[in-house]
Amino acid sequence: MAVLRFPAEDRMIDDESEIGLALAGLGIEYERWNLSRVAADSSADAVLSAHADEIEAMKQRGGYRTADVIDVNPETPGLETMLARFDKEHTHDEDEVRFILAGRGIFFLHIGGRVVSVEVGPGDMLRVPRGTTHWFTLCEDRRIRAVRWFQDTTGWTPHYTGSGVDRGYQPLCFGPAYLGPRAATSIGV
């Protein structure tokens, strides 16, 4: 289940309904979805078929045209390059919608002058509206498998803000300085 953190307030929420309410107040949609319909290692087609009703309902709600399954793990070719595209603050021209099937990652959201982080895991569905400043990274297991929806895949291109806000937050789940600024070292910082 997700964990919502407010680093500047040294506050954490791990209750499903409280997370949903807090994120709704920020304009972010969060739900827990059932994972019991299909085995975690099922094919992408089996996953899409097992969750067809929810996928179609989400398409109707958001005007999405297509959905697919992304499966990233430590052996994924070009993983570091792929992650580097999304670990800096950016926006998209369309919503970013993910239903997490396996693995964990963190969405950092920069909304209203404050940064919150949402650590997502299996069963979490998160919808980040277009134009929301955010960045994303994987947790230490370097694994995520998710259903994702697209209105137009060209709209998913990151538009970097160049603000540098992302440099002030630890890019690892439960890292040593996760709740605040990155730990400075005497070498190179």
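Me: In which strand is Val118 found?
Reply: The model under discussion is predicted. Within that model, the place of Val118 is strand β8.

Me: Is Val118 buried or exposed?
Reply: The relative accessibility of Val118 is 0%. Buried means under 20% relative accessible area. Val118 therefore counts as buried.

Me: How many Å apart in space are Val118 and Gly105, C-alpha to C-alpha?
Reply: In sequence, Val118 and Gly105 are 13 residues apart. In space, their C-alpha to C-alpha separation is 8.3 Å.

Me: Which side chain meets that of Glu119 in a salt bridge, and which strand holds this partner?
Reply: The salt bridge of Glu119 is formed with Arg5, at 3.5 Å from N to O. The pair links distant parts of the chain, 114 residues apart, with Glu119 in strand β8 (residues 114-120). The partner is Arg5, in strand β1 (residues 3-6).

Me: Why does Glu119 count as buried, and what is the relative accessibility of Arg5?
Reply: Buried means under 20% relative accessible area. Glu119 has a relative accessible area of 4%, so Glu119 is buried. Arg5 also counts as buried, its relative accessibility being 5%.

Me: Which residues are linked with Arg5 and Glu119 in a network of salt bridges?
Reply: Arg5 and Glu119 meet in a salt bridge. Both belong to a network of salt bridges, in which they are linked with Arg104 and Glu140.

Me: How many salt bridges does the structure hold?
Reply: The pair Glu119 and Arg5 is one salt bridge, and Arg32 with Asp124 is another. For the structure, the number of salt bridges is 17.

Me: How many residues apart in sequence are the parts that Arg32 and Asp124 tie together?
Reply: Arg32 forms a salt bridge with Asp124, and the closest N and O atoms are 2.9 Å apart. Arg32 lies in strand β3 (residues 29-32) and Asp124 in strand β9, so the parts tied together are separated in sequence by 92 residues.

Me: Which residue of the pair Arg32 and Asp124 counts as buried?
Reply: Arg32 has 31% relative accessibility and counts as partly exposed. Asp124 has 0% relative accessibility, which is under the 20% limit for buried. The buried residue is Asp124.

Me: With which residue does Lys88 form a salt bridge, and what is the relative accessible area of that residue?
Reply: The closest N and O atoms of this salt bridge are 2.9 Å apart, and the partner of Lys88 is Asp87. Lys88 counts as partly exposed at 36% relative accessibility. Asp87 is partly exposed, with a relative accessible area of 30%.

Me: With which side chain does the side chain of Arg127 make a polar contact?
Reply: Arg127 is placed in strand β9 (residues 124-128). With a relative accessible area of 16%, Arg127 is buried. At 3.3 Å, its side chain makes a polar contact with the side chain of Tyr64.

Me: How many Å apart in space are Trp149 and Ala67?
Reply: Trp149 belongs to strand β11 (residues 144-150) and is buried, with a relative accessible area of 0%. Trp149 and Ala67 are 82 residues apart in sequence. Their C-alpha to C-alpha distance in space is 4.3 Å.

Me: Which residues gather in a patch of negative charge on the surface?
Reply: One member, Glu16, is in helix α1 (residues 16-24). Glu16 is partly exposed, with a relative accessible area of 37%. The residues of the patch are Asp14, Asp15, Glu16 and Glu18.

How values were computed. Residues are numbered from 1 along each chain as its sequence is written. This is a predicted model: local features need pLDDT of at least 70, side-chain atom pairs count only at pLDDT 80 or more; totals for chains, interfaces and linings use all residues. Side-chain values use heavy atoms; hydrogens and water are left out. Patches are made of residues with over 30% relative accessible area and no salt bridge: like charges are joined within 9 Å, nonpolar side chains (Val, Leu, Ile, Met, Phe, Trp, Tyr) within 5 Å. Accessible areas come from the Shrake-Rupley method with a 1.4 Å probe; for residues, only the protein chains shown count as cover. A salt bridge is a side-chain nitrogen of Lys or Arg within 4 Å of a carboxyl oxygen of Asp or Glu. Lys and Arg count as positive and Asp and Glu as negative; His and the chain ends are not counted. The place of a charge is taken as NZ of Lys, CZ of Arg, CG of Asp or CD of Glu. Helices (H or I, at least four residues) and strands (E, at least two) are DSSP runs, numbered from the N terminus. Buried means under 20% relative accessible area, exposed over 50%, partly exposed in between (1.4 Å probe, protein chains only). A polar contact is a pair of N or O atoms within 3.5 Å; within protein, one must be able to donate a hydrogen and the other to accept it, and residues adjacent in sequence count only if both atoms are side-chain atoms.
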